[in-house]
Amino acid sequence: MRAKMCLVTRSVNYQVIIVGKNRSSHLQPLISTSQWQNAKRVLYMTHLAIGDYYYQRTYLAELQRQYPHLNIDIWIDDCRSRPKSWHAGRNKTLCQWLETEEHIHDIYPIAGSKEERNKLIKKAQEQDYDIIVFMARVRSENFAQIARKISAKAFIVGTKTQPMKKWLKKALAFRKLDAYIRLDDEDSSSESRGHINQVYRENFQNLFGLQIAEDIQVKELIVPQEHLEQMNGWLSNLKSRHQEALELTVPTRVVLINHLSTNHRRDLPWDTLAELLAKINKSHPECLYILNVPPAELENIQDQVELAPELVNLNIEVFTATNHFFQLPALIQLSDMVLTVETAIMHLASGLGVPQVVLMRKAAAHWCPAHASQVIYGASRVSDIPLEEIAQAMESLLHSLDE
């Protein structure tokens, strides 16, 4: 099987074949250099998560570097008909991160209702955008429709996925665009996609017409000093109490754990986690465990920790970044190791150079972080991974930290 990517405009039809990991990008760019040079305001639209933006920020910053006169705004509303429970938390953290990025001007957050989305559209209509670009693998017809609502005259390009459902709505919405790239995933296996950074690189080259150097590095993630100092003070108090309670003669090891995600197929079940921590603690009592959870799950997980008999002698703190996004990367940077099922955490840890054990589904292998000490794949769910295999990986990493 193979996946095809087609570029479609009103007058020409180009095609690039993508086979396995050997992708080629010989599409005529949808937006020309002269269009970028003459543009003033640009709107980039995409369904964004922390893991996505970790890579996309490199190419948005490159767009700003090549065309420093541009005002680049970003639309992160995922154009769903019904909001998700995790929207509020993601909205807050993403917006806080985006607000610190020099290449981003205005931010359109995730809408909590149809009324909020209409307000965002109205605000965007007032900006008189010259170019609108959207990158979407799901609900692409919604992005196309909203982009044209925002501007009747802007040059609009985007990505179109297979019709399948809502094919008529897709056809009508994309007829109103100036050009688009069609993403037809006949083979959706991770092997056919290549790494997610390469996917984004190609999409930015083809959609934006960016000339991207072969040796370009993922943009460095720098945690502001104020957040490092804040989290270091919080951790120091926890470490002191841990040392005193156990009368330890060895340094405390901070183990950050993220066992929940936005998709239950990626979650590490609570019973498995509790058994895992009890097992690790027998040989590593020096470990202080920080469970990073979404805000909506904070009280629930705190109750589970208190009620679990096997965790009674463990030092476990449940954490969520309530004040600012950078609390989380600061905590990651200050941890000795990370165990995570969530892509956001694994890519932040990778960018900060923190040793980690990554638990993933095989279908998501293209999201594997560039720098991970150990990666363990479950057949179809993370829960398919044997507890013993996770324990061995953690034991191995903890021993390596002592060497």
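This passage describes a six-stranded sheet, the helices that pack on it, and selected residues of a predicted model. In this predicted model, local features need pLDDT of at least 70 and side-chain atom pairs count only at pLDDT 80 or more, whereas totals for chains, interfaces and linings use all residues. Residues are numbered from 1 along each chain as its sequence is written, and side-chain values use heavy atoms, with hydrogens and water left out.

Helices (H or I, at least four residues) and strands (E, at least two) are DSSP runs numbered from the N terminus. Two strands are taken as paired if DSSP finds at least two bridges between them. Under these criteria, six strands form an open sheet with parallel pairing, in the order 11-10-9-12-13-14. Strand 11 (316-319) and strand 14 (374-378) stand at the edges with a single partner strand each, so one side of each is left without a neighbour in the sheet. On average, neighbouring strands of this sheet are turned by 20° against each other, direction ignored; axes are lines fitted to C-alpha atoms, for helices over the stretch in contact, and angles run from 0 to 180 degrees between N-to-C directions.

Strand 10 (residues 287-292) pairs with strand 11 in the parallel sense over four bridges. Within this pairing, Leu291 stands opposite Val318 in strand 11, and the bridge partner of Tyr289 in strand 11 is Ile316. Strand 9 and strand 10 also run parallel and are joined by five bridges; Arg253 has Cys287 of strand 10 as its bridge partner. The chain passes from strand 9 through helix 10 to strand 10 in a right-handed β-α-β crossover. A crossover is right-handed if, with the strands pointing away from the viewer, the path from the first strand over the helix to the second runs clockwise. A right-handed β-α-β unit is likewise made by strand 10, helix 11 (residues 298-307) and strand 11.

Burial was assigned from relative accessible area (buried under 20%, exposed over 50%, partly exposed in between; 1.4 Å probe, protein chains only). Six of the six residues of strand 10 are buried, so this strand is largely enclosed by the rest of the structure. Cys287, Tyr289 and Leu291 are buried on one side of strand 10, and Leu288, Ile290 and Asn292 on the other. For Cys287 the relative accessible area is 1%. Cys368 is also buried, at 15%. The count of disulfides (pairs of cysteine sulfur atoms within 2.5 Å) is zero.

Helix 13 (residues 343-352) lies across strand 9, strand 10, strand 12 and strand 13 (356-361), and runs at about 145° to strand 13. Ile50, in helix 2 (residues 50-66), lies 8.1 Å from Thr343, C-alpha to C-alpha, although the two are 293 residues apart in sequence. Ile50 counts as buried, at 13% relative accessibility. Beyond its neighbours within four places in sequence, Ile50 is in contact (heavy atoms within 4.5 Å) with Thr93, Leu94, Trp97, Phe325, Ala344 and Leu348.

Thr252 is found in the loop between helix 9 (225-246) and strand 9, and is buried with a relative accessible area of 9%. Its contacts, leaving aside neighbours within four places in sequence, are Lys239, His242, Gln243, Glu286, Leu288 and Asp336. The side chain of Thr252 also makes a polar contact with the side chain of Gln243 (2.7 Å). A polar contact is a pair of N or O atoms within 3.5 Å; within protein, one must be able to donate a hydrogen and the other to accept it, and residues adjacent in sequence count only if both atoms are side-chain atoms.
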